[in-house]
Amino acid sequence: MSKNGRLRILAVAATASLTLAGCAQGGNEEPAEGGAATNDSAAAAPDAPTDAVLPAGDGTGECEDGLSIAYIGTIAGQNAALGVAILNGVRLAVEEHNEANAGCQVTLKEFDTEGSPDRATGVVTQAINDDSILGVVGLPFSGESDAAGQSFHEAGLVTISPSATDPALSQNGWDTFFRGLGNDAQQGPAAATFIGDDLGAESVCVVNDDSSYGIGLAREVREALGDAVVCTEEVKTNQREFSAVVGTIEAAAPDAVFYAGYYTEAAPFAQQLFARGLQTTLVAPDGVRDDQFVQNAVGAAEGVYLTCPCVPADGFGDFFDAFTELAGTEPSTYSAEGYDATTILLRALDEGLSTREEVLEFVRDYDAPGLTKHFKWDEDGELTDTPVWVYRVEDGEIVRDREIG
Amino acid sequence: MIGNLPTVLAQGGVDWISFDIGRLVDQFWYNTVNGLAYGSIYSLVAVGYTLVYGVLKLINFAHSEVFIVGAFGAYFTFQFLGYESGGIAQAPLIETIVNLVLALAVAMICSGLVALTLERVAYRPLRRKKAPRLVFLITAVGASFAIQQAIMLWRNPNPELAIQLVAPQPLFEVFGVSVTNIQLTVFLAALVLLLVADSFINRTRLGRGIRAVAQDPDTATLMGVNKERVIMLTFVIGGLLAGAAALFYIMQIPQGVVYNGGFLLGIKAFTAAVLGGIGNLRGALLGGFLLGVFENYGQSLLGGQWRDVVAFVVLIVILMFRPTGILGESLGKARV
Amino acid sequence: MNAHHFRSGTATKVPFGQRIRDWWNGLSRFHQWAIIIPVVVLVYLMPFLNFFPITTEPGTDFELALFNTARIVLIAIGLNVVVGQAGLLDLGYVGFFAIGAYVAALMTSRDSALYAEYPWLLVVVVGIAVTMVSGVIIGTPTLRLRGDYLAIVTLGFGEIVRLLADNIPALRGNVGFRNLERPPGEWSDGTRIFTQGDGIPWYWLTVTAIIAVLILVGNLERSRVGRAWVAIREDEDAAEIMGVPTFRFKVWAFVIGAAIGGLSGVLYAGQLGFVNNARFDVVTSVLFLAAVILGGSGNKVGVILGAIVIAYTPERFQVVSEYRYLIFGLALIVLMIFRPQGLLGARQRLLARGRQAYKRLVGKPEPVSTESPMKDAGKRTGV
């Protein structure tokens with residue numbers, strides 16, 4: 001989608017993101033040589049669009065008392081860091097909103113799915129049975145979204161996922177599912193293009209975990225890479241010992257390895273992959289893009305590339321500062337996306353909407369820019385404007401590299 | 001539709017398991033080297049199971065938690081010594097070695113203490129009451145559960161941020177397979193500890209006491225062996241070795257410091273003990289290395305996802321067809 | 001052991017559980033029914049007693065909490081057949097529960113290649129049948145072992161069931177099966193009776209299943225099968241010598257237990273509407289075991305009570321919820337040391353007529369056991 005996507009970005013957010021598009025192109029025009037590409041001139045982070053809709057609004061929101069929105073996703077369970085990064089964005093949005101709008105005080109209810117599909121279905125039922133909840137930010141992971149989507153659909157409760165990227169999610173006929181970012185049908189090919197063209201890798205091993213996210217993304221990447229795929233391996237949730245997978249990869253000696261999964265397994269995988277002196281470039285997706293990965297891979301994360309349909313937040317000055325103050329850490333993967341998704345739900349409540357049906361209708365017809373991108377959904381609940389970025393790990397920090405799709 | 005059943009069975013019956021003999025042969029030495037390095041951990045933990053079983057005829061199900069407490073002990077020693085998660089420490093070699101030895105000592109003490117406490121709190125009261133053996137097992141399961149959960153509540157469900165003192169580096173090659181500095185260290189250190197334990201049991205006075213009680217508790221008591229002290233000693237030895245294993249484990253897998261990180265490893269170590277012949281110290285040693293290697297062969301042959309299944313199948317097959325294991329059950333002599 | 005315990009029964013102090021038991025056994029059939037029926041009605045009316053201090057809200061939806069409690073009760077009754085009646089320590093019971101859930105998933109989820117519009121009752125029947133067959137398959141080789149070896153081997157099999165669900169693509173591993181069919185039926189306004197969100201129909205269905213299972217298991221216990229189980233539990237060697245085909249009856253206990261576990265799995269999968277490999281680990285097995293041991297294995301009322309404690313208290317008290325596994329783990333230790341017979345701790349050694357005969361001969365009812373039913377099961381391993 002990279003060409004089309006870039007055109008759309010220019011069309012929709014031309015006023016705001018000239019730098020972004022320019023640099024993205026610049027990045028693509030520099031085909032790096034060899035397996036380990038370095039790109040000193042990282043693309044600049046986009047600034048916040050001047051017309052972005054923010055949670056505070058104009059401060060004139062009026063709504064009934066006792067209404068709430070919910071965050072449903074991992075808080076303390078598996079891969080919790082990914083969930084908490086989003087949750088803090090959601091918290092910030094609700095806080096800013098309630099401060100500015102005395103006439104509309106919205107409660108945020110938080111539900112912990114522990115990131116696992118089997119737990120999510122029960123938790124979602126609890127949320128659905130709570131009539132005060134009119135909209136949901138979540139669920140962050142594809143597996144749990146997949147398991148719970150039907151329940152939301154039956155209950156008519158709108159969900160905006162700030163991070164679930166499995167393309168199949170929007171193909172279930174759930175009219176309550178909205179995705180606040182690009183899906184893996186965009187991330188996968190973009191990552192493949194990055195691996196093939198930018199890194200110049202001619203042989204690639206694709207490893208995935210056993211989640212719907214990992215399986216789906218790996219499929220997209222494999223299809224886009226075609227003959228370049230020299231080995232495919234699968235690992236399990238919570239696996240920590242990867243000698244078999246590493247052995248196979250060592251034997252195949254690929255130019256690059258793509259790992260489709262989450263950081264919990266990616267960290268020991270990366271460490272064991274490089275422990276025996278294997279020379280290759282590891283590329284991993286948004287599920288790995290967290291400081292926890294960098295820390296847990298103890299040194300092996302250095303030079304790893306991370307693709308992500310998330311927009312760097314360092315250019316969003318006010319958001320960046322407010323988030324850092326609230327959370328005590330800088331915004332991470334999908335913090336800004338969570339903030340944007342919450343904003344949309346809060347706008348609906350500010351207009352005095354008080355039923356799930358009305359809020360669902362509002363989200364369906366929504367058409368306005370947020371911090372990260374322009375939000376307007378098609379009939380499947382997919383966005384049209386979906387940037388994908390590459391980040392890389394440098395000196396123990398995740399820094400943005402370039403925009404790839 | 002039932003009409004689909006053949007398709008599904010074909011899907012489930014043929015595709016899901018395949019035998020890649022080529023890969024088994026190709027990666028034979030790779031698997032052997034890795035298996036021995038990892039198996040040394042199984043061996044060390046298996047000694048704990050085997051000693052306790054030899055003396056008390058008790059499966060100390062909570063031994064996996066004895067192990068993981070050692071891992072936490074080593075981890076917090078690293079932290080206390082000023083190491084930080086994330087990067088690889090750049091301390092000079094001598095300092096690193098001193099720190100590793102310190103962590104080893106702390107891990108061993110932590111595990112030893114937990115093992116001793118377990119014996120005191122959970123098992124001794126039952127022994128006093130001459131409770132049947134299954135009651136011991138249920139207690140052990142409960143203790144395992146409780147320790148795991150206590151750690152989880154104290155920390156959190158996610159692994160501690162990894163700390164690594166020594167960066168893994170390939171040192172040399174055997175049969176075309178590179179061996180890392182960590183693998184070599186772990187293997188040699190484990191071997192030394194196992195040999196020390198073996199000569200302790202076989203050569204010293206206290207060791208003779210252990211063997212005597214294992215052989216015949218009543219006669220041993222009559223001959224002046226302090227049975228309670230012997231039992232405590234076996235728990236402590238098992239705990240100390242499990243603590244050492246824990247340090248070696250987190251040197252290889254620094255992401256493994258997590259509340260339930262001992263569970264699977266514990267079952268596998270138990271499998272190793274049964275494989276070698278439970279109650280037999282050298283059996284535990286042999287079983288650990290064999291299981292480590294088999295597990296790797298299995299996953300080369302069948303695919304990585306079958307790793308744990310291999311261990312469980314070994315366990316079940318051995319228990320059902322040769323419960324005395326390879327070397328037979330003998331701490332003192334073969335059990336009737 | 002027998003002589004010793006017969007004598008200890010003559011001690012003056014009669015435990016509370018024993019007094020209740022004596023009183024109950026002393027009642028006529030008519031009186032017993034007069035008490036049972038109102039209790040059953042009350043149990044069915046539970047969803048409407050949704051107020052303090054019974055309610056679990058706002059933490060958990062009360063009706064769903066009731067359903068989950070009932071589900072664990074059903075499992076505990078099934079596991080009690082294996083552990084309490086026949087004295088076989090099964091650490092892999094969750095495997096049967098998983099098989100039931102997977103049968104429901106394979107038959108009623110559109111993600112499965114076997115999907116078709118089967119009648120829901122057929123799913124239940126197939127689910128039970130498949131778990132029974134797997135009970136035979138797992139039981140036949142393992143039940144030649146005894147005691148702790150049996151426990152470890154069942155644990156191994158339980159884990160293998162879970163790992164197979166992970167490794168066989170047709171079982172969809174961690175991704176799981178979505179949108180399982182629920183039992184048919186509509187309210188008068190056209191909405192479905194059985195939905196994920198409404199716990200009441202599920203609760204009633206499960207309670208009905210529990211009652212049916214209790215009647216069935218009760219009858220089995222009083223039959224030759226039940227007597228054989230007790231004999232095996234008390235002393236397997238003696239039973240064998242007395243002509244009880246112990247192996248066959250052990251497999252029977254395994255199979256009956258498996259069937260109940262499978263039924264529970266089908267109900268669980270139906271309500272949740274989603275099945276993957278995540279919930280069928282050893283931790284869950286141990287939790288089930290804790291329910292049985294806590295209440296008093298071998299005692300149906302006891303295990304029901306135990307299951308309620310295990311399942312309801314964490315829903316009711318948020319504090320307990322966080323610490324539940326810790327509490328139940330510690331409870332196992334404490335119980336084994338101080339009260340191995342469990343909370344209610346009355347296991348039967350004599351059944352029906354035997355009990356009456358005993359009373360007539362000795363002049364007082366059979367005494368309560370103060371031991372775990374594991375008394376002799378662990379005397380020897382299969383070596």
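Which domains does the domain assignment of chain A give? In this predicted model, the assignment divides chain A into domain 1, made up of residues 2-45 + 184-309 + 388-403, and domain 2, made up of residues 68-182 + 313-375. The contact between them draws on 24 residues from domain 1 of chain A and on 21 residues from domain 2 of chain A. On the side of domain 1 of chain A that touches domain 2 of chain A, two or more residues each are given by helix H1 (2-13), helix H6 (184-198), H7, helix H9 (263-275) and helix H10 (291-296) of chain A. By class, the residues on that side of domain 1 of chain A comprise eleven nonpolar, eight polar and five charged.

With regard to its overall make-up, chain A contains 13 helices and 14 strands, and of its 405 residues 64% are buried. Among the contacts in chain A that link residues at least 6 apart in sequence, 73% are between residues at least 24 apart.

Helix H3 of chain A, which covers residues 80-100, consists of 21 residues and spans 30 Å from its first C-alpha to its last, close to the 30 Å expected at 1.5 Å a residue. This helix, H3(A), is mostly covered, with 16 of its 21 residues buried.

A residue in a strand may be set beside this helix. A:Glu397 lies in strand S14 of chain A, which comprises residues 397-403, and A:Glu397 counts as exposed because 10 C-beta neighbours are found inside 10 Å, the cut-off for an exposed residue being 12 or fewer. In sequence A:Glu397 is separated from A:Val294 by 103 residues, whereas in space the two are 7.5 Å apart, C-alpha to C-alpha.

Beyond the contact within the chain, chain A also meets chain C, and here 20 residues of chain A are in contact with 18 residues of chain C. At least two residues of the side of chain A that touches chain C are supplied by each of helix H4 (117-129), helix H5 (142-155) and helix H7 (212-225) of chain A. The most is given by H4(A), which contributes eight residues to the side of chain A that touches chain C. When sorted by class, the side of chain A that touches chain C holds four nonpolar, twelve polar and four charged residues. Helix H7 of chain A is thus named in both settings, as an element of the side that touches chain C and as an element of the side of domain 1 of chain A that touches domain 2 of chain A.

Methods:
Residues numbered from 1 in each chain as written. Chains lettered and ligands numbered in written order. Predicted model: local features only at pLDDT ≥ 70, side-chain atom pairs only at ≥ 80, totals over all residues. Helix = DSSP H or I, 4+ residues; strand = E, 2+ residues; numbered from the N terminus. Expected span 1.5 Å × (residues − 1). Buried ≥ 20, exposed ≤ 12 C-beta atoms within 10 Å, placed from the backbone. Contact = placed C-beta atoms within 7 Å. Nonpolar A, V, L, I, M, F, W, Y, C, P; charged D, E, K, R; others polar. Domains from an automatic or database assignment.
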